[in-house]
Amino acid sequence: MHTESRCLNCGPVPPLHVPEHIGAEIVASVVDRITAAAEPPKRPAAPLWCPWPLPTGWTMTGVAYAGDDRTGVRATAVACAGPSPLAGGPADLVFVAEEPGVGLGTRLAGMPGPDPGPQLADALTDPGPGHPEHVGQARIKVAGHPTPLWLVNSPADRSAYAGEARGMWLHAIAWPASAGHLLAEDVVLHDLTEWTPPELVYGAPSPYLHGRA
């Protein structure tokens, strides 16, 4: 018998909570859960990163968090959907903030292991543009600060980037793979635990937070 949630492959993991629907009340309840879990003497609040303003035609399609009353919230995820910047069809983006060792971001990215650290170590020794082993990089703003994200290995149906913000891993996963080009635009991530814009537009629930990934 074990008191913690367990994965057959990974061992102990924080339980993932994904509300069935999405809307202002759902986001408010998740924000309350995150901030309550961060009250002393527990860990600092995990950010809930959402693009704001949303890209033209995009909606927020899901929110999730990993953790329980014993461990607190150790990871969060926000899903958005809209027109693909290149193909013009539908596209999805999921942003994950997580403590080391949680593994939510790598699972959605289709990567092995709980953290992107080994791949980022290779990316930091990148030989630069023009070299056949050059690793792509996206630059977005996180809470007003320019933040690099490095392209990491993922299945062909998606593109995945990883970096660091506020002492946590930051993942950005896009479906289809070409939707990752959205991160080359002026994407700014805002922490919804600090303020949730009343103008947020909500769409149909993300299939990727509900097990499709």
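In what sense do strand β4 and strand β12 pair, and over how many bridges? In this predicted model, β4 (residues 49-51) and β12 (residues 188-191) are antiparallel partners joined by three bridges. Within β12, leucine 189 is the residue that stands opposite proline 51. Strand β12 is also joined to β8 (residues 137-142), in this case by two bridges and with the strands running parallel. Leucine 189 appears here again, as the bridge partner of valine 142.

These pairings belong to a wider arrangement. The chain holds four helices and twelve strands, and an open sheet of ten strands follows the order β3-β5-β6-β7-β11-β10-β9-β8-β12-β4, with mixed pairing. Strands β3 (16-17) and β4 stand at the edges; each has a single partner strand, so one side of each is left without a neighbour in the sheet. Elsewhere in the sheet, β8 and β9 are antiparallel and share six bridges. One residue pair in this ladder is arginine 139 with its bridge partner in β9, proline 148. Helix α1 lies across β5 and β6 and runs at about 30 degrees to β5.

The packing of nonpolar residues comes next. In soluble globular proteins, nonpolar side chains tend to be buried together. The largest nonpolar core in this model has 39 residues, and those with the most contacts inside it are Leu48, Met60, Ile140, Leu170 and Leu189. Two or more residues of this core come from each of α1 (24-37), β4, β5 (59-68), β6 (72-83), β7 (90-98), β8, β10 (159-165) and β11 (168-175). The largest share, five residues, is contributed by α1. Leucine 170 illustrates the contacts: when residues up to four places away in sequence are set aside, the residues that leucine 170 touches include Trp49, Val96, Ile140, Val142, Leu149, Tyr161 and Leu189. Apart from the largest core lies another, of 22 residues, with Ala66, Val96, Trp150 and Val152 among them.

Tryptophan 150 is located in strand β9 (residues 145-152). With a relative accessible area of 16%, tryptophan 150 is buried. Its C-alpha is 4.6 Å from that of glutamine 137, although the two residues are 13 apart in sequence.

How many disulfides does the model contain? The count is zero. Cysteine 50 takes part in none, and the nearest cysteine sulfur to it, that of cysteine 80, is 4.6 Å away. Likewise, cysteine 80 is in no disulfide, the sulfur of cysteine 50 being the nearest at 4.6 Å. The criterion requires the two sulfur atoms to be within 2.5 Å, which is why a separation of 4.6 Å does not qualify. Cysteine 50 is buried, at a relative accessible area of 1%, and cysteine 80 is buried with a value of 1%.

Is serine 84 buried or exposed? Serine 84 occurs in the loop between β6 and β7, and its relative accessibility of 7% makes it buried. Beyond its neighbours within four places in sequence, serine 84 contacts Gly89, Pro90, Ala91, Ser178 and Ala179.

Several loops also show backbone geometry that deserves attention. Most residues other than glycine have a negative phi, and most peptide bonds are trans. Tryptophan 52 and proline 53, however, are joined by a cis peptide bond with omega about 0 degrees; proline 53 is placed in the loop between β4 and β5. A cis bond also links tryptophan 175 to proline 176, with omega near -10 degrees, and proline 176 belongs to the loop between β11 and β12. Alanine 143, in the loop between β8 and β9, has a positive phi near 55 degrees and is partly exposed at 36% relative accessibility. Arginine 166 has a positive phi of about 55 degrees; arginine 166 is found in the loop between β10 and β11 and is partly exposed, with a relative accessibility of 46%.

Totals for the chain complete the description. Of its 213 residues, 47% count as buried. Among contacts between residues at least 6 apart in sequence, 59% join residues at least 24 apart. The accessible surface comes to about 10400 Å², and 56% of that surface belongs to carbon and sulfur atoms.

Conventions:
Residues are numbered from 1 along each chain as its sequence is written. This is a predicted model: local features need pLDDT of at least 70, side-chain atom pairs count only at pLDDT 80 or more; totals for chains, interfaces and linings use all residues. Side-chain values use heavy atoms; hydrogens and water are left out. Buried means under 20% relative accessible area, exposed over 50%, partly exposed in between (1.4 Å probe, protein chains only). Two strands pair if DSSP finds at least two bridges between them. A nonpolar core is a set of buried Ala, Val, Leu, Ile, Met, Phe, Trp, Tyr and Cys residues joined through side-chain atoms within 4.5 Å. Contact means heavy atoms within 4.5 Å. Accessible areas come from the Shrake-Rupley method with a 1.4 Å probe; for residues, only the protein chains shown count as cover. Axes are lines fitted to C-alpha atoms, for helices over the stretch in contact, and angles run from 0 to 180 degrees between N-to-C directions.
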